[in-house]
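These are my notebook entries on a structure that I had not examined before. I looked up how its chains meet and then how one of them is built.

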Amino acid sequence: MRGVISRLNLRQRTITRIILSIIVLIGIVSSGLLIDADRLSIDLEMKNSAPSLEHLFGTDWLGRDMLARTLKGLTLSMSVGLLAAFFSTGIALFLALLASWNKRMDQFVTWLIDLFLSVPHIVLLILISFALGGGFNGVVIGLALTHWPSLTRLLRAEMLQIKSAEYVGISHRLGKSRLWIARHHIFPHLIPQLFIGFILLFPHAILHEAAITFLGFGLSTEQPAIGVILSESMRYLSTGLWWLAFFPGLSLLIMVALFDLLGKNLQTLLDPFHGQKR
Amino acid sequence: MHYTQIARYILKKTIKLATLLIAVSILSFTLISYSPIDPVHSYIGADMTRVGPEQREAIAEYWGLNDPPVQQYLNWGKNVLQGDLGTSLLYRSPVADTIAERFLASLALMGLAWILSGIFGFLLGILAGMKEGTWVDRLIKGYCFTLASTPAFWVGLLLLMLFSVWLGWFPVGLGSPAGVLAEDISFIERLRHLALPALTLSIAGVANVALHTRQKLIEVLESDYVRFAKAKGENGFTLVWNHALRNIALPAISLHFASFGELFGGAVLAEQVFSYPGLGQAVVQAGLGGDVPLLLGIVLFSTIFVFIGNFIADLLYKVIDPRIRKVDI
């Protein structure tokens, strides 16, 4: 196995990593979607059983299978992450384009970035979730409204670089309109950045979703979100039910790490200038 | 030195803080005014049936809830400028007192974790940078990248299970033993309660500093003056000590100061896991219990906290680094 890996070049290795992480992620989602309700059902005879071959992650105080709950929770986290990352990327693109308009707009966008970065992230999430009364919408909107600053900064810097490029200046002097330049010169360069930024937003969004749900502001307690599972497990830790917290958290870690791996390798593949610097 | 320049710098930063606080307060006030959570309802709580609609109306009138939001904001802002942040609904005491008391507990936690993660992150970074490409480097890098995907509160839960429940070395939660008067608690007791939350918080903080230090050290080790020192026969720790340490220490310290926001966020989660009575726990309770004055107070306070961290980081770059100091501030 090791011989095979070292024989591949960087490009082939990157593509292999991308494909493998996509396969595992698809596996998590499809198994989360395919689990039918009776795997989640209450079975009091099996309650509080330690991990075994039948219940790989053990069961909780109501006899529910933790593996099924964890997979459902991961799928839920991923959908929240998808929505939040999508909206956040949209906001980032919009603000970056706005910043390229003129100097005053640029100052405004920079000020807005500073404003959002000046309040601790969790506090801002609590505030937004409080304003929206919690729940699924509160989390998604909160995550969408707080994850754009770093990507906006990146896109803005990229755009400033392109705008000062020679061919853009020539294009301008040839009489092309700003919209034409934005569409034909700037936007194509931003697409890889945007796509990679979108993927790399996932890990942050998912971790923050779990954190805010854990604190009690996010998804409601009936849903098997990872944050809910972990905050419920706190009540049973002192009685020694370690598997209630260990496996769901570990699964979350693995999923987040996979998204991180996917994003970084896509960066190496699509944006070699930035991606291959280590 | 250039006193006018220093004065101008301080003035610029003060104006920045003032505009920032005004913007943050307007933003949070607007958000809260849209909240479906009724402050009168959350104030009365379980006694809802015993309080008639007239009394509720009287409370709303007394708090000025019937005024338009802009008027409410101006009233609140006027009080804040006079040092009155209002009264916390949950703790039934002035918000400023609550924040001060809670922040002291949080400061012990965050300060300890901050120093620990700084020292260990720096050491790990140096080790990884010196041994670039070896298994030590890969191990440290892998550890840092894994940490970036780890939910910090889960680490807290694991530590709690391992050290408190299983091994029984540390207490399960709270900031002090239950049922003991505050003046009877020994320093050692407090430290034992502080240990696990601080450890949780510092484990999460190590990654950033370590990766940054590693990167900087590798850059420095590739420089000409280090090559010259190597040619003279210096190597290993003496080389790093003599030629690299001062160069990489300043950016690392600056970076560490600039991470106050993440530190605060981590403290919120760690305090929740360990039921540690700090500011982070207070903001969670304020949010869940609809305690608007306390929530607003903590938002403003945490903004100032983060600002101070960034300000010190900026100052370190500009005033202490002789290369930047010479240009101008």
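Entry 1, the contact between the chains. I worked from a predicted model. I looked up the residues that chains A and B bring together, and I found 35 residues of chain A in contact with 40 residues of chain B. I then asked which elements of chain A give two or more residues to the side that touches chain B. They are helix 5 (121-131), helix 9 (178-215) and helix 11 (243-270) of chain A. I also sorted the residues on this side of chain A by character: 27 are nonpolar, seven are polar and one is charged.

Entry 2, the make-up of chain B. I turned to the secondary structure of chain B and noted 14 helices and zero strands. Read from the N terminus, each element in the order of chain B is therefore entered as α. I looked up burial next: chain B has 329 residues, of which 34% count as buried. For contacts in chain B between residues at least 6 apart in sequence, I recorded that 73% join residues at least 24 apart.

Entry 3, helix 11 of chain B. I asked how far this helix, residues 260-273, reaches from its first C-alpha to its last. The span of its 14 residues is 20 Å, close to the 20 Å expected at 1.5 Å a residue. I then checked its surroundings: 13 of the 14 residues of helix 11 of chain B are buried, so this helix is largely enclosed by the rest of the structure. Finally, I noted that Ser275(B) follows helix 11 of chain B and has a positive phi, near 45°.

Notes
Residues are numbered from 1 along each chain as its sequence is written. Chains are lettered from A and ligands numbered from 1 in the order in which they are written. This is a predicted model: local features need pLDDT of at least 70, side-chain atom pairs count only at pLDDT 80 or more; totals for chains, interfaces and linings use all residues. Helices (H or I, at least four residues) and strands (E, at least two) are DSSP runs, numbered from the N terminus. A residue is buried if 20 or more other C-beta atoms lie within 10 Å of its own, exposed if 12 or fewer, and partly exposed in between; C-beta atoms are placed from the backbone. Two residues are in contact if their C-beta atoms, placed from the backbone, lie within 7 Å. The expected span of a helix is 1.5 Å times one less than its number of residues. Ala, Val, Leu, Ile, Met, Phe, Trp, Tyr, Cys and Pro count as nonpolar, Asp, Glu, Lys and Arg as charged, and the others, Gly among them, as polar.
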